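Reader: Could you take me through a close look at one part of this model, the place where the two chains meet? I would enjoy one connected account rather than a list.

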Amino acid sequence: MAEQARLIDIYIMGRRCQVPEGLTILTALEYSGYRMVRGCGCRAGFCGACATIFNFLHDPQLRYDLACQKTVEPDMCLVQIPYFPARKATYDLEKTKADAEKIKTLYPDIVKCFGCNTCTKTCPQELEVMWFMTDALRGDIKAVAEKSFDCVMCGLCAARCPQGLVPYNVALLCRRLYGRYLSPNSAHLDQRIAEIESGKFDAEIEELKKADKKTLRQKYTGRDIEPAHDQAWE
Amino acid sequence: MYPAYLEENIHLVEDKRVRRLIEVIPRLGEDEKEALLRGYHPDYIKSSMRKLKVGINKGDATPVELADLLEGNSRIDPDKIDPSSPDYNVDVLVIGCGGAGASAALLAQENGARVLIATKLRLGDANTVGAQAGTQAADRPNDSPAQHYLDTMGGGHFENIPELVEVLVKDAPSAVKWLEKLGVNWDKAPDGSMHELSGGGTSIRRLHSARDYTGLEEMRVLRDELKNRKIDYIEFAPAIERILDDKGQIAGAILLNLETEELIVVRARAIIMTTGGIGRLHIQDFPTTNHYGATADGLVLAYRAGAKLIFIDTMQYHPTGAVFPLQILGQLVTEKVRTLGAQLVNANGEQFIMPLEPRDIVTSAIIRECRERHLGLKTPHGESGVWLDAPMIDVIRGAGTIARELPAMVRQYRRFDIDITREPILVYPTLHYQNGGIKIDTEGATNVPGLFAAGECTGGVHGRNRLIGNSTLELFVFGRRAGRAAARYAKDVKRGNPTLEHVRHWQKELKHAGLAGERPLSPKILPNYARTTRGHTKLEI
């Protein structure tokens with residue numbers, strides 16, 4: 001498509017480049033001759049490596065997105081953020097209590113949030129960052145886990161926070177605390193682990209391991225299939 | 001937003017939905033599967049493969065793109081590097097840091113080793129984060145590890161290495177528990193029971209998920225734990241060669257600092273290779289779901305150090321890669337979409353394959369539908385594809401299911417004005433996974449003393465075709481085992497004198513085979529997508 005598409009002007013770190021319409025910021029950089037080292041990861045919107053800041057030639061308002069997901073637009077002026085020195089508290093999860101005090105001990109700065117909402121406006125995943133930071137302050141760990149779950153940890157919220165907070169790391173702490181201490185325990189998982197340790201399935205698996213291909217094939221074709229949709233877990 | 005002619009076809013898809021709701025497409029028999037694979041699976045295109053001419057796998061066929069690199073020239077000049085004056089001296093060097101590398105590093109440290117991680121991109125930039133659907137573990141009361149074993153063997157066409165599969169299925173529940181103890185949030189019911197789904201080729205619902213961000217959730221927790229435990233790591237420093245000692249044991253590696261272009265010499269008693277996949281080689285020009293660094297470096301380095309590879313003639317093409325819009329060409333449309341009830345539909349609005357067959361089967365069926373039966377749809381850019389009828393999920397399971405279960409997919413398509421709760425998705429197979437790789441035993445050990453491996457860069461667990469949810473599982477099962485085993489090995493090994501003699505030997509062998517001048521430098525390190533068609537000459541500065 002590259003050759004037929006309409007060419008548009010974009011500005012990569014100030015340099016004017018003509019690229020075909022329809023490319024992402026990442027592929028536009030590559031089209032313009034840049035071979036990425038930093039600022040490029042999964043290329044599918046999951047890893048947060050390609051955090052990008054941009055505005056437009058005649059509109060100074062800053063915008064934020066992931067370079068691999070955002071399509072280029074005419075007169076876009078852009079730069080990638082290769083790295084941002086965000087603080088991360090280190091802790092021993094096994095010795096960390098799941099409560100509000102602990103969050104404030106590890107990230108004391110969270111009380112400094114003055115509610116400017118820049119973090120929320122920055123988030124390329126469109127998460128309610130400021131709201132989950134408020135939840136963190138109140139110690140509502142479950143709410144933080146829930147609201148921050150889709151975070152790809154690109155770090156843009158931390159890069160833009162005027163108070164130097166690190167919402168994405170605070171959220172990760174809360175999610176880990178929730179998963180470790182607050183989410184309901186799975187009895188069936190514990191039971192299965194005990195059964196495996198006691199050797200309950202050893203004989204059956206040993207038999208399968210010894211079976212020739214034909215027998216195995218027969219067992220495989222004849223196995224019961226649990227319906228995929230009969231799921232009343234909700 | 002779809003162009004008008006595709007919108008027109010969507011009406012047909014919608015009209016047939018009621019009929020498809022009650023329709024059941026039977027699973028294929030083993031013979032039908034075999035015929036479908038032989039006819040349409042990319043692995044069976046003979047001209048895409050070549051037999052290796054040098055190394056321990058001499059005579060084995062592999063895709064030409066991989067063969068070139070396996071037979072490649074070393075990037076270093078052994079005469080200019082002194083392997084006996086290292087910049088780092090550690091017990092265990094972990095190369096690559098996705099789910100397997102992180103698990104291995106944690107366990108190696110727990111077992112008393114001084115650990116260093118070297119990674120090509122950032123810590124955790126790996127295919128792991130893109131794994132959406134889930135992790136298999138047979139923990140529901142009606143399930144059993146034996147059943148998981150049978151499903152895995154069947155998916156791999158019964159060629160998997162039984163001992164590896166046994167370990168995979170038996171360790172699975174404890175791997176899930178391990179992750180939870182580290183703070184991974186699994187999807188659960190209020191009473192704590194895991195919310196589990198079925199997948200292609202699984203007979204029982206055993207996929208543990210974290211919305212459709214499963215791999216991301218696993219990886220961000222593991223990465224955080226690496227930092228909490230203060231395990232050393234070097235980012236943007238891929239390994240480009242192994243150091244052996246005069247006893248033929250692993251003695252370290254040479255890393256390349258991608259930014260300063262300096263070489264870094266690491267002395268290590270053991271190495272764990274967790275370098276992941278191959279997608280960025282674009283086998284047969286397929287687009288890929290893989291991350292930017294997936295260039296088979298681990299296979300190349302292990303091979304040059306004398307490690308045996310297996311199943312290197314089989315790749316996994318994920319049946320549902322995006323083909324529209326062009327911006328996301330080849331990106332993963334998670335199997336969870338089919339798991340939840342979406343069907344594959346041709347241009348007539350009809351199903352042509354049971355959507356939860358193993359991946360190689362579904363892939364072949366889609367290729368047949370497009371190439372032979374001409375019942376695919378063409379995108380404005382000339383790609384072919386079939387419909388993945390996502391809205392069916394909400395029809396079957398109630399409104400709101402898609403939004404709750406597939407937030408990443410909804411978000412990705414919303415950017416391009418496509419609402420997958422209301423419109424189907426256009427898909428075609430995309431290069432997803434290397435089924436084969438470095439041969440390991442149940443402890444992750446290879447035939448080279450001191451060289452361990454885990455994760456996608458290994459082979460044998462999945463036979464000729466991997467099942468959904470067994471890849472992320474494999475990372476934690478074999479990553480942990482390799483970490484533990486490497487730490488123990490490092491404690492006992494009697495070290496020899498480090499040498500790069502094997503590199504000289506390799507170059508001689510290449511020359512002898514007449515390949516030295518023809519083959520590229522390897523490992524590849526990164527793909528080159530930078531456009532250089534304007535005739536400008538590049539200048540070293």
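Author: Gladly, and let me start with a term: a salt bridge here is a side-chain nitrogen of Lys or Arg within 4 Å of a carboxyl oxygen of Asp or Glu. By that rule, the side chains of A:R176 and B:E225 form a salt bridge, with 2.5 Å from N to O. Please keep in mind that this is a predicted model.

That pair belongs to a wider set, since the count between chain B and chain A is 17 salt bridges. Polar contacts add to the picture: 50 residue pairs, both members at pLDDT 80 or more, are in polar contact between chain B and chain A. On the chain B side, the elements that each supply at least two residues touching chain A are α3 (30–40), α6 (145–155), α7 (162–181), β7 (196–197), α8 (214–228), α12 (392–397), α13 (401–405) and α14 (407–414). Among these, α7(B) gives the largest share, eleven residues. Sorted by class, the side of chain B that touches chain A holds 40 nonpolar, 27 polar and 40 charged residues.

Now for the extent of the interface. In chain B, 107 residues are in contact with 83 residues of chain A. Together the two chains bury about 8,300 Å² between them, and 52% of that lies on carbon and sulfur atoms. Three residues, B:F158, B:R220 and B:R415, supply 8% of the area that chain B buries against chain A, more than any other three residues.

It helps to set this beside an interface inside chain B. The domain assignment of chain B gives domain 1 (4–40 + 318–431) and domain 2 (73–132 + 213–314 + 435–499). Their centres, taken over C-alpha atoms, are separated by 35 Å. Contact between them involves 18 residues of domain 1 of chain B and 15 residues of domain 2 of chain B. These two domains bury about 1,400 Å² between them, with 60% of it on carbon and sulfur atoms. Here B:L332, B:R359 and B:L431 supply 43% of the area that domain 1 of chain B buries against domain 2 of chain B, more than any other three residues.

As for charge pairs, the rule finds zero salt bridges across this domain interface, while seven residue pairs, both at pLDDT 80 or more, are in polar contact there. The elements that give two or more residues to the domain 1 side are α11 (359–371), α14 and β18 (425–434) of chain B. That side divides into nine nonpolar, five polar and four charged residues.

Let me finish with two spots within the chains. In chain B, B:T128 sits in the loop between β5 (115–118) and β6 (135–136). B:T128 counts as buried because its relative accessibility is 7%, and the cut-off for buried is under 20%. Leaving out residues up to four places away in sequence, B:T128 touches B:G98, B:G99, B:G215, B:L216, B:M219 and B:L475.

In chain A, the assignment gives domain 1 (7–80), domain 2 (93–182) and domain 3 (187–215). The centres of domain 2 and domain 3 of chain A, over C-alpha atoms, are 42 Å apart. Helix α5 (residues 141–148) of chain A has A:I141, A:A143, A:V144, A:A145 and A:S148 as its buried residues. The cover over those buried residues includes α2 (100–106), α4 (129–138) and α7 (167–182) of chain A.

Technical notes
Residues are numbered from 1 along each chain as its sequence is written. Chains are lettered from A and ligands numbered from 1 in the order in which they are written. This is a predicted model: local features need pLDDT of at least 70, side-chain atom pairs count only at pLDDT 80 or more; totals for chains, interfaces and linings use all residues. Side-chain values use heavy atoms; hydrogens and water are left out. Contact means heavy atoms within 4.5 Å. Buried area is the accessible area (1.4 Å probe) that two parts lose on being put together, summed over both. A polar contact is a pair of N or O atoms within 3.5 Å; within protein, one must be able to donate a hydrogen and the other to accept it, and residues adjacent in sequence count only if both atoms are side-chain atoms. Helices (H or I, at least four residues) and strands (E, at least two) are DSSP runs, numbered from the N terminus. Ala, Val, Leu, Ile, Met, Phe, Trp, Tyr, Cys and Pro count as nonpolar, Asp, Glu, Lys and Arg as charged, and the others, Gly among them, as polar. Domain bounds come from an automatic or database domain assignment. Buried means under 20% relative accessible area, exposed over 50%, partly exposed in between (1.4 Å probe, protein chains only).
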